[in-house]
Amino acid sequence: FVRKTYYSIRELLPVSIRRHLQKVHLRGWRKLRFPHWPVDFTVDTIHEELLRLSMKAGGVQRVPFIWFWPGGASNCLIMTHDVETAAGRDFTGQLIDLDQSYGMKASFQVIPEKRYDVSDEYVRQIRSRGFEFNIHDLNHDGQLYQDRKVFFQRARKINEYARKFKARGFRAGVMYRNQDWYDAYEFFYDMSVPNVAHLEPQRGGCCTVFPYFVGKILEIPLTTCEDYSLFQILDDYSIDLWKKQLDLIRKRNGLMSFITHPDYLIDPNARRVYESLLKHLQEMVARERIWAALPGEVDHWWRTRSEMKLVQKGGHWEIEGPESDRARIAFAVLSDDGLTYQFADCAAEASVRP
């Protein structure tokens, strides 16, 4: 009832009032012990520990696997923009210019009903610049997953918009989610699950920094703090938290994914912080061989990688399958401290803590 009432009057409330209500709702978030803030690696750690124990029990020192990212990239980076208002829609062109000035490509998640008009020219504006167009909820009223019957009615309309706009990706409004119902969608990938959801209305999180499949749909999780949460909830107009999250994810070779909103980046102070982030990301990508990709490219790679297999020929390992030339063989190596990762053709090239 409270949620329904809030969303029924949300558009009438100034940001200052909404921010106050959200802070009241989220109070006590710092006391939450699980998932671990600011990044949670529980799922990844369990996988690694199971592998380590299996190797130790079997007396195996090295296990080959297909490296996480194409070309042996150390990590993957994606930028996404959720367009919530007509003002954000109208700022899209300037945000594209800003992203491109730092060598960044991003996806735009666009609300198809009620909030604003989505013209064919707007869709072309995004795609003609090499950016990606995805669907963002149906009307962003916070009620998508509240009733199963209503959800399936809305899912049919969402799928119709996906076909109309030839969109392959989806994100629910306010990061609401119910993965048990995902089979109703016709999308290839979803981006509605945070790694740690302490600052989201729906708490919890997936506790991994890697994509994973939910049936036929690939989940590409959010692994950093949203810009709105940073600016409006934490009152932090710096990139310090983002840099901390990036440093943690880099050490685990994971996915660095961001949500920013053109609606909020209109503000000069917020835009200044975002430019600092773009500059930091540009330098980091160049320095550390990070794969900066669009969400659709991540979806394509993760699906292709899942179809590859390792085969042993003539005493050495080879990768077979589609686009295997993009893949690299790596080894999980047992050590006194746990596991390290080493590439097969040059162990010194990447020996990092997983």
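**Exercise 1. The crossing of two helices**

In the predicted model above, determine how helix H9 passes helix H11, and describe the contact between them.

*Solution.*
Step 1. The crossing of H9 with H11 is right-handed.
Step 2. Next, identify the residues that make the contact. Helix H9 contributes Trp242, Lys243, Leu246 and Arg250, while H11 contributes Val273, Leu277, His280, Leu281, Met284, Arg287 and Glu288.
Step 3. Sort these residues by character: six are nonpolar, one is polar and four are charged.
Step 4. Turn to the geometry. Helix H9 spans residues 240-251 and helix H11 spans residues 268-288; they pack at an angle of about 20°, and their axes are 11 Å apart.
Step 5. Compare the angle with the cut-off: angles under 35 degrees count as roughly parallel. H9 and H11 are therefore roughly parallel to each other.

**Exercise 2. The order of strands in a sheet**

State the order of the strands in the open sheet that contains E1, E13 and E14, and explain why one side of E1 and of E14 is left without a neighbour in the sheet.

*Solution.*
Step 1. Recall the general principle: strands of a sheet pair through backbone hydrogen bonds, in either a parallel or an antiparallel manner.
Step 2. In this open sheet of three strands the order is E1-E13-E14, and the pairing is antiparallel.
Step 3. Strand E1 (62-66) and strand E14 (338-343) are at the edges; each has a single partner strand, so one side of each lacks a neighbour in the sheet.
Step 4. From one strand to the next, the twist averages 30°.
Step 5. Consider one pair in detail. Strand E13 covers residues 329-335, and five bridges join it to E1 in the antiparallel sense. One bridge partner can be named: Pro64 is matched with Phe331 in E13.

**Exercise 3. The surroundings of Leu51**

Which residues is Leu51 in contact with, leaving aside its neighbours within four places in sequence?

*Solution.*
Step 1. Locate the residue: Leu51 belongs to helix H3, which covers residues 42-58.
Step 2. List the contacts. With neighbours within four places in sequence set aside, Leu51 touches Val63, Ala332 and Leu339.
Step 3. Examine one of these partners. Val63 is twelve residues from Leu51 along the chain, and the C-alpha atoms of the two are separated by 9.0 Å.
Step 4. Assess the accessibility. The relative accessible area of Leu51 is 30%. Since buried means under 20% and exposed means over 50%, with partly exposed in between, Leu51 is partly exposed.

**Exercise 4. Backbone exceptions**

Most residues other than glycine have a negative phi, and most peptide bonds are trans. Describe the cis peptide bonds at Pro35 and Pro38, and the positive phi values of His140 and Met175.

*Solution.*
Step 1. Begin with the peptide bonds. Phe34 and Pro35 are joined by a cis bond with omega of about -10°; Trp37 and Pro38 are also joined by a cis bond, with omega of about 10°.
Step 2. Place the two prolines. Pro35 is in the loop between helix H2 (15-26) and H3, and Pro38 is likewise in the loop between H2 and H3.
Step 3. Turn to phi. His140 has a positive phi near 60°, and Met175, which is not a glycine, has a positive phi of about 60°.
Step 4. Locate these residues. His140 lies in the loop between strand E4 (132-136) and helix H7 (148-165), whereas Met175 lies in the loop between strand E5 (169-171) and strand E6 (189-190).
Step 5. Are these residues buried or exposed? His140 has a relative accessible area of 3% and is buried; Met175, at 1% relative accessibility, is buried as well.

Terms used: Residues are numbered from 1 along each chain as its sequence is written. This is a predicted model: local features need pLDDT of at least 70, side-chain atom pairs count only at pLDDT 80 or more; totals for chains, interfaces and linings use all residues. Side-chain values use heavy atoms; hydrogens and water are left out. Axes are lines fitted to C-alpha atoms, for helices over the stretch in contact, and angles run from 0 to 180 degrees between N-to-C directions. Helices (H or I, at least four residues) and strands (E, at least two) are DSSP runs, numbered from the N terminus. Angles under 35 degrees count as roughly parallel, over 145 as roughly antiparallel, 65 to 115 as roughly perpendicular and the rest as oblique. A crossing is left-handed if the near helix is turned anticlockwise from the far one by less than a right angle, and right-handed if clockwise. Contact means heavy atoms within 4.5 Å. Ala, Val, Leu, Ile, Met, Phe, Trp, Tyr, Cys and Pro count as nonpolar, Asp, Glu, Lys and Arg as charged, and the others, Gly among them, as polar. Two strands pair if DSSP finds at least two bridges between them. Buried means under 20% relative accessible area, exposed over 50%, partly exposed in between (1.4 Å probe, protein chains only).
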